[in-house]
Amino acid sequence: MLKNPIPKVTNQLQYRAIGIIEGKFIPNDIQQLNRGFLTDNKGEKIETVVLGKALSLLKKHIDLNRSYFWVVYPKNKNTQNLHLQVAGIWDPYQLNDFPNDSLKTNFSKLLEELGLKDNYFSVRGELVFVNTKKKEVVIKICSASKLKTLKNKNFKLVIKGDLSLELLNSFISLDVIRDGNSLELINYEVIEKKFTKKN
């Protein structure tokens, strides 16, 4: 069974912001692999940090001269400065999601079969701001963690796109594509209108 890099949602009101990008990771310092840039196939660079569990994978299995599909969490302050956190690496063969045989399938085709593609992001959260002039929306995402001490447990993501002001405070699911350092809305689904967070 091929593991989906962006798992299916387990709960209708599940918050998330997760995506997949093909590219090479270039660390700032070879002694400290946790910070650097992800360079995509067009040569565009995005500031990136590698989270703990992905870091050990990176050290053990990853050839920094090769391109991989990176499973990432996006963060931004506006539509011009995307920042990524690497949560995992999607390589069904090398990282043994299923038996490695001589048939090296086209990864892009595999992604398509899973209903995904390079630079795709799944974003689910509360629509808290709509700028109709700039055609930008802000989605608030809350961490699933029960630890209230966690810094950054809630964050906001700025996405290029047009949504009705009537949808403010609704919980929505968005299909988003990365273009350079911007996240752009492709389509959306309203999960719950005038959503109120249950504590």
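Q: A salt bridge is a side-chain nitrogen of Lys or Arg within 4 Å of a carboxyl oxygen of Asp or Glu. By this rule, what does the count of salt bridges come to?

A: The model is a predicted one, and the rule yields 3 salt bridges. In one of them, Asp40 pairs with Arg178, and the closest N and O atoms are 2.4 Å apart. The partners come from distant parts of the chain: Asp40 belongs to strand 2 (residues 32–40) and Arg178 to strand 9 (residues 171–179), a separation of 138 residues.

Q: Are the partners Asp40 and Arg178 buried or exposed?

A: Burial is read from relative accessible area, with under 20% counting as buried. Asp40 has a relative accessibility of 8% and therefore counts as buried. Arg178, at 6%, is likewise classed as buried.

Q: Which other side chain does Arg178 meet in a salt bridge?

A: A residue may take part in a further pair, and here Arg178 also meets Glu44, at 4.0 Å from N to O. This pair again links distant parts of the chain, since Arg178 is in strand 9 whereas Glu44 is in the loop between strand 2 and strand 3 (45–50), 134 residues away. Glu44 has 30% relative accessibility and counts as partly exposed. Taken together, Asp40, Glu44 and Arg178 are linked in a network of salt bridges.

Q: Where do Lys135 and Asp162 lie, and how far apart in sequence are the parts that they tie together?

A: First, the contact itself: Lys135 forms a salt bridge with Asp162, with 3.4 Å between the closest N and O atoms. Lys135 sits in the loop between strand 6 (120–131) and strand 7 (136–142), and Asp162 in the loop between strand 8 (154–160) and strand 9, so the pair joins parts 27 residues apart in sequence. Lys135 is partly exposed, at 44% relative accessible area, and Asp162 is also partly exposed, at 43%.

Q: Which buried residue has no salt bridge?

A: A charged side chain may be buried without such a partner, as Arg124 shows. Arg124 is located in strand 6. The nearest side chain of opposite charge, that of Glu189, is 5.7 Å away from Arg124, which is beyond the 4 Å limit for a salt bridge. The Arg124 side chain does, however, make a polar contact with the side chain of Ser173, at 3.3 Å.

Q: How many aromatic pairs does a search of the whole structure find?

A: Pairs are judged by the distance between ring centres and the angle between ring planes; the search finds 4. One of these is Phe25 with Trp70: the centres are 6.0 Å apart and the planes stand at 55°, so the pair is tilted. Phe25 is part of strand 1 (residues 16–29) and Trp70 of strand 4 (residues 68–76), so the pair ties together parts 45 residues apart in sequence. Both rings belong to buried residues, with a relative accessible area of 1% for Phe25 and 1% for Trp70.

The rings of Tyr68 and Trp70 have centres 5.9 Å apart and planes at 75°, so this pair is edge-to-face. Tyr68 is buried as well, at 3%. Phe25, Tyr68 and Trp70 thus make up one aromatic cluster.

Q: Over the face of which ring does Lys45 lie, and over which does Lys75 lie?

A: A positive side chain can be placed above a ring. Lys45 lies over the face of Phe37, 5.4 Å from the ring centre. Lys75 lies over the face of Phe155, at 4.4 Å from the ring centre.

Q: What pattern does the protein chain follow along the sequence?

A: The order of elements is β-β-β-α-β-β-α-β-β-β-β-β, made up of 2 helices and 10 strands. Of the 199 residues in the protein chain, 46% are buried. Among contacts between residues at least 6 apart in sequence, 57% join residues at least 24 apart.

Methods:
Residues numbered from 1 in each chain as written. Predicted model: local features only at pLDDT ≥ 70, side-chain atom pairs only at ≥ 80, totals over all residues. Heavy atoms only, no water. Phe/Tyr/Trp six-rings, centres within 6.5 Å; stacked < 30°, edge-to-face > 60°. Helix = DSSP H or I, 4+ residues; strand = E, 2+ residues; numbered from the N terminus. Buried < 20%, exposed > 50% of the residue type's maximum accessible area, 1.4 Å probe, protein only. Lys NZ or Arg CZ within 6 Å of the ring centre and 35° of its normal. Lys, Arg positive; Asp, Glu negative; His and termini not counted. Polar contact = N/O pair within 3.5 Å; in protein donor to acceptor, adjacent residues only side chain to side chain. Contact = heavy atoms within 4.5 Å.
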